[in-house]
Amino acid sequence: MRVWERKGYRVEEKLFDHDLHEFDVVKDGEVIATITPADLEDMQRIIEALDAGEDVNGWEDGMGNTIYIPE
C-alpha cells in the first residue's frame, strides 16, 4: 500500500473490499478522515490526484462529509 506525504499530514492507502482500497488521512498519528471511493474508477481518480500532488483538504470522503485538516 502506498503513502502520500503532504504538508502537516499524510494519506495512507489500505485494503477495503477486495480490489477496492480506502485512504486514511493521518495527522499527528491520528486518522482524521477516511476517503472511501465508490468504485474502482473513483479509486483510480483519487490515486491520480494524489500522485499529482493534490491536497485532500476540501475533498468529500465518500460518505458526504467534507475533509477539513486543522492546522
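The exchange below asks why certain labels apply to this predicted model.

User: Why is Met63 called exposed?

Analyst: Its relative accessibility is 60%. Exposed means over 50%, so Met63 counts as exposed. Met63 sits in the segment after α1. Its C-alpha is 8.2 Å from that of Ile35, and the two are 28 residues apart in sequence.

User: What makes Gly29 exposed or buried?

Analyst: Gly29 has 66% relative accessibility. The cut-off for exposed is over 50%, so Gly29 counts as exposed. Gly29 belongs to the loop between β3 and β4. From Gly29 to Asp55, C-alpha to C-alpha, the distance is 18 Å, with their positions 26 residues apart in sequence.

User: Why is the pair Arg2 and Asp51 called a salt bridge?

Analyst: The N to O distance is 2.4 Å. A salt bridge needs a side-chain nitrogen of Lys or Arg within 4 Å of a carboxyl oxygen of Asp or Glu. The side chains of Arg2 and Asp51 therefore qualify.

User: What does the pair of Arg2 and Asp51 tie together?

Analyst: Parts that are 49 residues apart in sequence, because Arg2 lies in the segment before β1 (3–6) and Asp51 in helix α1.

User: Why are Arg2 and Asp51 called partly exposed?

Analyst: Arg2 has a relative accessible area of 39%, and Asp51 is at 44%. Buried means under 20% and exposed over 50%, with partly exposed in between. Both values fall in between, so both residues count as partly exposed.

User: How do you know that Asp42 forms a salt bridge with Arg45?

Analyst: The closest N and O atoms are 3.7 Å apart. The limit is within 4 Å, so Asp42 and Arg45 form a salt bridge. They are 3 residues apart in helix α1, which means a separation of about one helical turn. Asp42, at 21%, is partly exposed. Arg45, at 48%, is partly exposed too.

User: Which residues do salt bridges with shared partners join into one network?

Analyst: Lys14, Glu22 and Asp24.

User: What makes Arg10 and Glu12 a salt bridge, and how are they classed by accessibility?

Analyst: Their closest N and O atoms are 2.5 Å apart. That is within 4 Å, so the pair meets the definition. Arg10 is at 27% and counts as partly exposed. Glu12 is at 24% and counts as partly exposed. The whole structure holds 5 salt bridges. Side chains of opposite charge can pair when their charged atoms come close.

User: Which residues touch the most other members of the largest nonpolar core?

Analyst: Phe23, Val25, Ile35, Leu50, Val56, Trp59 and Ile67, in a core of 17 residues. The elements giving two or more residues are β2 (9–17), β3 (20–27), β4 (30–35) and α1 (40–51). The most come from α1, with 5 residues. In soluble globular proteins, nonpolar side chains tend to be buried together.

User: With which residues is Trp59 in contact, leaving aside its neighbours within four places in sequence?

Analyst: Ile35, Ile46, Ala49, Leu50, Glu54, Asn65, Thr66 and Ile67.

User: What lines the largest pocket, and how do its residues divide?

Analyst: The lining includes Arg6, Lys7, Tyr9, Lys27, Asp55 and Glu71. It divides into 4 nonpolar, 2 polar and 5 charged residues. Gly8 also lines the pocket, and Gly counts as polar, so Gly8 belongs with the polar residues. The pocket holds about 210 Å³ of space.

Definitions and conventions. Residues are numbered from 1 along each chain as its sequence is written. This is a predicted model: local features need pLDDT of at least 70, side-chain atom pairs count only at pLDDT 80 or more; totals for chains, interfaces and linings use all residues. Side-chain values use heavy atoms; hydrogens and water are left out. A nonpolar core is a set of buried Ala, Val, Leu, Ile, Met, Phe, Trp, Tyr and Cys residues joined through side-chain atoms within 4.5 Å. Buried means under 20% relative accessible area, exposed over 50%, partly exposed in between (1.4 Å probe, protein chains only). Helices (H or I, at least four residues) and strands (E, at least two) are DSSP runs, numbered from the N terminus. Contact means heavy atoms within 4.5 Å. On a 1 Å grid over the protein atoms alone, a cavity is a set of points where a 1.4 Å probe fits but cannot get out, and a pocket is an open set with protein on both sides within 12 Å along at least five of seven lines; lining residues have an atom within 4 Å of a point. Grid points are joined across faces, edges and corners, and a volume is the space filled by probe spheres set on the points.
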